[in-house]
Amino acid sequence: MKPNDVILHMAAKIAVIIIFTFAIYLFMSGHHHPGGGFIGGLTFASGIVLLYLAFDIESIRKNLPVDFKKVAAFGIILSILTGAYAMLSGEPFLTQTFGKVDLPIFGETELASAVLFDTGVALAVIGTAVNIILSISEDQKSWKR
């Protein structure tokens, strides 16, 4: 018999939306204030882990078919390529380049290579953290047998 966890499921859905929104805020504020890819990625990963805890793993894997090992690998590659781009330009590794562009709705917006690096860091952290938690949960299943 499957337990009826309506309150847990609703609370988790609301909490995950709040956690994901806060993770995006931490990620975006990382250029001018404390935060960025690492803490934003950890916060986002905590929201994904909350989904895995509130719902069963199989239903989350069906609705979120993501291989978190590939997410981590893509994040690492993106971060390395961002740093290597500066070297190809004759600058030291991870030298930031930036410019401004006029977007129709947002107006003048700053674009920086640090955003790509932070995105890579966030993806690497999300992939690694969720993969570790899923590995631990699979080990727990084998211990109970």
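These legends describe close-up views of a predicted model.

**View 1. Helices H1 and H2 pack against each other.**
Two packed helices are described by the angle between their axes and the distance between the axes. Here the axes of H1 and H2 come within 8 Å. They cross at roughly 170°. An angle over 145 degrees counts as roughly antiparallel, so H1 is roughly antiparallel to H2. On the H1 side, the contact is made by Leu8, His9, Ala12, Ala15, Val16, Ile19, Phe20, Phe22, Ala23, Leu26 and Phe27. On the H2 side, the residues are Gly37, Ile39, Gly40, Thr43, Phe44, Ser46, Gly47, Ile48, Leu50, Leu51 and Ala54. Of the residues in this contact, 16 are nonpolar and six are polar. No charged residue takes part.

**View 2. Thr43 of helix H2 faces residues of H1.**
Thr43 sits in helix H2. Its relative accessible area is 13%. Buried means under 20%, so Thr43 counts as buried. Beyond residues up to four places away in sequence, Thr43 touches Ile19, Phe22, Ala23 and Leu26. These four partners are listed among the H1 residues of the contact between H1 and H2.

**View 3. Ser29 lies in the loop after helix H1.**
The loop that holds Ser29 runs between helix H1 (6–28) and helix H2 (37–54). Ser29 has 11% relative accessibility and therefore counts as buried. What lies 3.3 Å from a polar atom of the Ser29 side chain? The backbone oxygen of Leu26 does. Leu26 also belongs to the contact of H1 with H2, and Leu26 touches Thr43.

**View 4. His9 of helix H1 meets Ala54 and Phe55.**
His9 is placed in helix H1. Is His9 buried or partly exposed? Its relative accessible area is 23%, so His9 is partly exposed. Not counting residues up to four places away in sequence, His9 touches Ala54 and Phe55. His9 and Phe55 are 46 residues apart along the chain. Their C-alpha atoms are separated by 7.1 Å. His9 and Ala54 both appear in the contact between H1 and H2.

**View 5. Leu116 of helix H5 contacts Leu78 and Thr82.**
Leu116 lies in helix H5, residues 113–144. Leu116 is partly exposed, because its relative accessible area is 46%. Leaving aside neighbours within four places in sequence, Leu116 is in contact with Leu78 and Thr82. Ala23 is 93 residues from Leu116 along the chain. The C-alpha atoms of Ala23 and Leu116 are separated by 16 Å.

**View 6. Leu94 has a positive phi.**
Most residues other than glycine have a negative phi. Phi of Leu94 is near 70°. Leu94 is found in the loop between helix H4 (68–88) and strand E1 (98–103). With a relative accessible area of 40%, Leu94 is partly exposed.

**View 7. Four segments carry a UniProt transmembrane annotation.**
The unreviewed UniProt entry lists residues 7–28, 34–55, 71–88 and 111–136 as "transmembrane region". In the model, residues 71–88 are 100% helix and 0% strand. The end C-alpha atoms of that stretch are 25 Å apart. Residues 111–136 are 92% helix and 8% strand. Their end C-alpha atoms are 39 Å apart.

Technical notes
Residues are numbered from 1 along each chain as its sequence is written. This is a predicted model: local features need pLDDT of at least 70, side-chain atom pairs count only at pLDDT 80 or more; totals for chains, interfaces and linings use all residues. Side-chain values use heavy atoms; hydrogens and water are left out. Helices (H or I, at least four residues) and strands (E, at least two) are DSSP runs, numbered from the N terminus. Buried means under 20% relative accessible area, exposed over 50%, partly exposed in between (1.4 Å probe, protein chains only). A polar contact is a pair of N or O atoms within 3.5 Å; within protein, one must be able to donate a hydrogen and the other to accept it, and residues adjacent in sequence count only if both atoms are side-chain atoms. Axes are lines fitted to C-alpha atoms, for helices over the stretch in contact, and angles run from 0 to 180 degrees between N-to-C directions. Angles under 35 degrees count as roughly parallel, over 145 as roughly antiparallel, 65 to 115 as roughly perpendicular and the rest as oblique. Contact means heavy atoms within 4.5 Å. Ala, Val, Leu, Ile, Met, Phe, Trp, Tyr, Cys and Pro count as nonpolar, Asp, Glu, Lys and Arg as charged, and the others, Gly among them, as polar. UniProt positions are given in the numbering used here, feature names are shortened, and annotations may be inferred rather than shown by experiment.
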